[in-house]
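Please look over the sequence and the model shown below, and keep both in view while reading. The report that follows goes through a few of the features that can be computed from the atoms.

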Amino acid sequence: MSNNKNFQKKANALFLQYPNENKVYISENGQCFFDEKAAKNYHEVKGFETEPECFFREGFEDEDDTDVQEALHKSELERLNQAATLEEIAAVCDLDQEYTPANAETDEIVTFVISLREKLVGKDQELIQANAELETLSTVSEENAKLKEQLDAALKENKALTEQINNSKKTEKDASKTNSTKA
């Protein structure tokens, strides 16, 4: 206990000498440090079994930061959770990879991304089917164009034959008129 009183006096003297310092660490042998890490390293090197004692300038003491530490811990857990969610989303968005279907434990955002992926895959399949139908229609259109050409050619041929028949009938009439007038 007398060491503690002596250390407090030593700390107060240091605070007078160093007005910008509010905390000092004193080792078992009385060595003083303003830096906690340096004090702990010194204790380790010297093989002391206790931690260095911490003394504060009057009116300056460490605040109880339990709430801050708890909030930091919670925010770190949330950050890790969000990072895991982002990894899941990235995996679901990679269309070259399989994904795990949503279940009751799946994050709501991941579930939404999974449903978007399923819609995208469905629309992609519809597009593939529509392209196949379009290809079929294109082939049918080409066949129709060829048939139209053949039909036009047949109509021309039919017209030519009709004219030929009509001409031949005319020639027969004229020949029969000529024969009837000669007779």
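E70 and K74 are four residues apart in helix α3, so they are separated by about one helical turn. The two residues form a salt bridge in which the closest N and O atoms are 3.5 Å apart, where a salt bridge is a side-chain nitrogen of Lys or Arg within 4 Å of a carboxyl oxygen of Asp or Glu. Side chains of opposite charge can pair when their charged atoms come close. Helices and strands are taken here as DSSP runs numbered from the N terminus, with at least four residues (H or I) for a helix and at least two (E) for a strand.

The model is a predicted one, in which local features need pLDDT of at least 70 and side-chain atom pairs count only at pLDDT 80 or more, while totals for chains, interfaces and linings use all residues. Residues are numbered from 1 along each chain as its sequence is written, and side-chain values use heavy atoms, with hydrogens and water left out.

**Salt bridges along the helices**

How many salt bridges does the structure hold? There are six salt bridges in the structure, and the table gives three pairs, including the pair already described.

| Pair | Closest N to O distance |
|---|---|
| E70 and K74 | 3.5 Å |
| E126 and K123 | 3.8 Å |
| D152 and K148 | 3.4 Å |

In helix α4, E126 and K123 are three residues apart, which means that about one helical turn separates them. D152 and K148, which are four residues apart in helix α4, are likewise separated by about one helical turn.

The exposure of these residues can be described with three words: buried means under 20% relative accessible area, exposed means over 50%, and partly exposed lies in between (1.4 Å probe, protein chains only). In the α3 pair, E70 is partly exposed because its relative accessible area is 42%, whereas K74 counts as exposed at 52%. E126 is partly exposed at 48%, and its partner K123 is exposed with a relative accessible area of 54%. D152 is partly exposed at 32%, while K148 counts as exposed at 51%.

Elsewhere, salt bridges link E36, K40 and E51 in a network.

**The sheet**

In what order do the three strands of the open sheet lie? The order is β2-β1-β3, and the pairing is antiparallel. β2 and β3 (53–56) are the edge strands, since each of them pairs on one side only. Two strands are said to pair if DSSP finds at least two bridges between them. Strands of a sheet pair through backbone hydrogen bonds, either parallel or antiparallel.

β1 and β3 pair in the antiparallel sense over four bridges, and β1 and β2 do so over two bridges. In β3, I26 stands opposite E53, and in β2 the bridge partner of I26 is C32. K23 has F56 as its bridge partner in β3. The hairpin of β1 and β2 has five residues between the strands, and within this hairpin G30 takes a positive phi near 95 degrees.

**A residue in the loop after β1**

Is S27, which is found in the loop between β1 (23–26) and β2 (32–33), buried or exposed? S27 is buried, because its relative accessible area is 1%. The side chain of S27 makes a polar contact with the side chain of N29 at 2.5 Å; such a contact is a pair of N or O atoms within 3.5 Å, where, within protein, one must be able to donate a hydrogen and the other to accept it, and residues adjacent in sequence count only if both atoms are side-chain atoms. Apart from its neighbours within four places in sequence, S27 is in contact (heavy atoms within 4.5 Å) with F7, Y42, H43, F48 and P52.

**Partly exposed residues in two other loops**

F60 lies in the loop between β3 and α3 and counts as partly exposed at 41% relative accessibility. F60 and N12 are 48 residues apart along the chain, and their C-alpha atoms are separated by 12 Å.

L95 has its place in the loop between α3 (66–93) and α4 (108–182), and L95 is partly exposed at 47% relative accessibility.
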